[in-house]
Amino acid sequence: MNRLVLIVLVLVFFACNNNGQPIEEAVVTEKDTVFQYGIPADDYEITISDIGNGDLFGTLLNDAGVDWQTIQKLISIAGDKFDVKKIKVGNEYEFFYRRIGDSLELSPSFFVYEKDRLSHVVMGLKDSLFVSVVEKDIVTNKRVAKIDIQSSLWLDMKRAGVPAILAIKLEDIFAWTIDFSGLQKGDSFEVLYDELTYKDELLDIGDLYYAVASHNGKIYPAVRYQIEDSGAMYWNETGESLKKAFLKAPLRFTRISSGFTYARRHPVLKIVRPHTGVDYAAPAGTPVMSIGDGVVIFKGWTNGGGNTVKIKHNKIYTTSYMHLKGFAKGLASGKRVNQGEVIGFVGSTGISTGPHLDFRVYRSGTPINPLKMDSPAAEPLDKKYLEDFKAVGERYKQQMDSVISDDYYIDFLKGLIP
């Protein structure tokens, strides 16, 4: 018999069982290695704890089995990447212990600390000492939110199941258009935005693409659009910038306790006298912002107004902020301030019945109602961008309108926004 044929027959024999049937081929599959922070986690036993009161970086590592010489080297290597003195109570940390058969090494190979909401500090504790900052594996989801105002933006967002941090984003966008202290029942907001999560936990609100505010019977759309290398800005549907020379209000999330009038009975003096400003009731210590760029022309005490700041914005407009608890650090007469810069804090100094801000606007020296002040807008969008801008805005609008949404935010179709 040919030797090659004999070898083939032998191989066929061993490939069959006693009944002459082929034995099923054994399938060997490799298990995918799971990495955490760049570490092959399957090779280690991981312990997870939180930083407690009085915990120190060095003590944590030493108690886990890391010698002090190694700890000192790590502190030196960390340098500017991580200040070991600033570990925060409540932040999570992990030790990775290498498996050796059925047991573990006595000292850990890696230490991982949750530096902040977006990153971890990873330290190699063995022969190759290293310290690196690793960004979290953040998941971005598109969301649509609709908030109907019943009482206040914060409470109504909570009621609608929308992250409250979105309120800050909305106020930043509409700060020049809407006085948020004047929101009332029937107003509403619709928003298309990114939600950032880590291990299903909300970390932050990302980009806000499109929003529509309904306030006092008027509709205010906001479209996010970026011009070439410039930062993204928000524009209305015709390409006018939402940013204006003056903010609508000098502080956040408050209520108006007294309006502009020439015939108000003073709550302390009990006489009828003009009140040529707007009172914003707010907790003591609430930051007060300059409504526009300008120069401080007065910082000090006035008889009725207590601690007062006056800012000259241009040849026409001057603003006054009274009853302040205190002034922002470094504020002085002659200093230039920017729009939105904190200049002081709500208080009850001077003639006052409680914490509030008495805010006044003067046009060419004459007091005017701040709530009815017209504010010039920034430069409109260049005409060469208008066609693309309108197409982007229409796409966002269609995406948001296509979502069947009630008072709760819902998952949006992924991938619609490039």
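Visitor: How many helices and strands does the protein have?

Guide: The protein has six helices and 26 strands. Please keep in mind that this is a predicted model.

Visitor: What share of the residues is buried?

Guide: Of the 418 residues in the protein, 42% are buried. The protein exposes about 23700 Å², and carbon and sulfur atoms supply 52% of that area.

Visitor: What do the contacts say about residues that are 24 or more positions apart?

Guide: Among contacts with a separation of 6 or more, 60% are between residues 24 or more positions apart.

Visitor: How should one read a salt bridge, and what is the count here?

Guide: Side chains of opposite charge can pair when their charged atoms come close. In this protein the count comes to 12 salt bridges. One of them joins glutamate 105 and lysine 126, whose closest N and O atoms are 3.5 Å apart. This pair links distant parts of the chain, 21 residues apart: glutamate 105 is in the loop between β5 (103-104) and β6 (110-116), and lysine 126 is in the loop between β7 (119-124) and β8 (130-135).

Visitor: Are glutamate 105 and lysine 126 buried or exposed, or in between?

Guide: Buried means under 20% relative accessible area and exposed means over 50%. Glutamate 105 has 24% relative accessibility, so this residue counts as partly exposed. Lysine 126, at 33%, is likewise partly exposed.

Visitor: Which salt bridge lies within helix α4 (residues 153-160)?

Guide: There the side chains of aspartate 156 and arginine 159 meet, at 2.1 Å from N to O. The two residues are separated by about one helical turn because they are three residues apart in helix α4. Aspartate 156 is buried, with a relative accessible area of 2%, whereas arginine 159 is partly exposed at 47%.

Visitor: Which residue forms a salt bridge with arginine 252?

Guide: The side chain of glutamate 171 meets that of arginine 252 in a salt bridge of 2.8 Å, N to O. Glutamate 171 lies in helix α5 and arginine 252 in the loop between β13 (232-235) and β14 (255-258), so the pair ties together parts that are 81 residues apart in sequence. Glutamate 171 is buried, with a relative accessible area of 8%, while arginine 252 is partly exposed at 30%. Asp172 also takes part, as Glu171, Asp172 and Arg252 are linked in a network of salt bridges.

Visitor: Which residues make the nonpolar surface patch?

Guide: The patch is made by Trp154, Ile165 and Ile168, and its area is about 230 Å². Isoleucine 168 belongs to helix α5 (residues 165-174). With 32% relative accessibility, isoleucine 168 lies between the limits of 20% and 50%, so this residue counts as partly exposed.

Visitor: Where does threonine 319 lie, and is this residue buried or exposed?

Guide: Threonine 319 is in strand β21 (residues 317-327). Its relative accessibility is 1%, which means that threonine 319 counts as buried.

Visitor: Which residues does threonine 319 touch?

Guide: Leaving aside residues up to four places away in sequence, threonine 319 touches Ile291, Val309, Lys310, Ile311, His313, Phe359, Arg360 and Val361. With histidine 313 there is also a polar contact of 2.7 Å between the side chains.

Technical notes:
Residues numbered from 1 in each chain as written. Predicted model: local features only at pLDDT ≥ 70, side-chain atom pairs only at ≥ 80, totals over all residues. Heavy atoms only, no water. Patch = residues over 30% accessible without salt bridge, like charges linked within 9 Å, V, L, I, M, F, W, Y side chains within 5 Å. Areas by Shrake-Rupley, 256 points an atom, 1.4 Å probe, with all protein chains shown as cover. Salt bridge = Lys/Arg side-chain N within 4 Å of Asp/Glu carboxyl O. Helix = DSSP H or I, 4+ residues; strand = E, 2+ residues; numbered from the N terminus. Buried < 20%, exposed > 50% of the residue type's maximum accessible area, 1.4 Å probe, protein only. Contact = heavy atoms within 4.5 Å. Polar contact = N/O pair within 3.5 Å; in protein donor to acceptor, adjacent residues only side chain to side chain.
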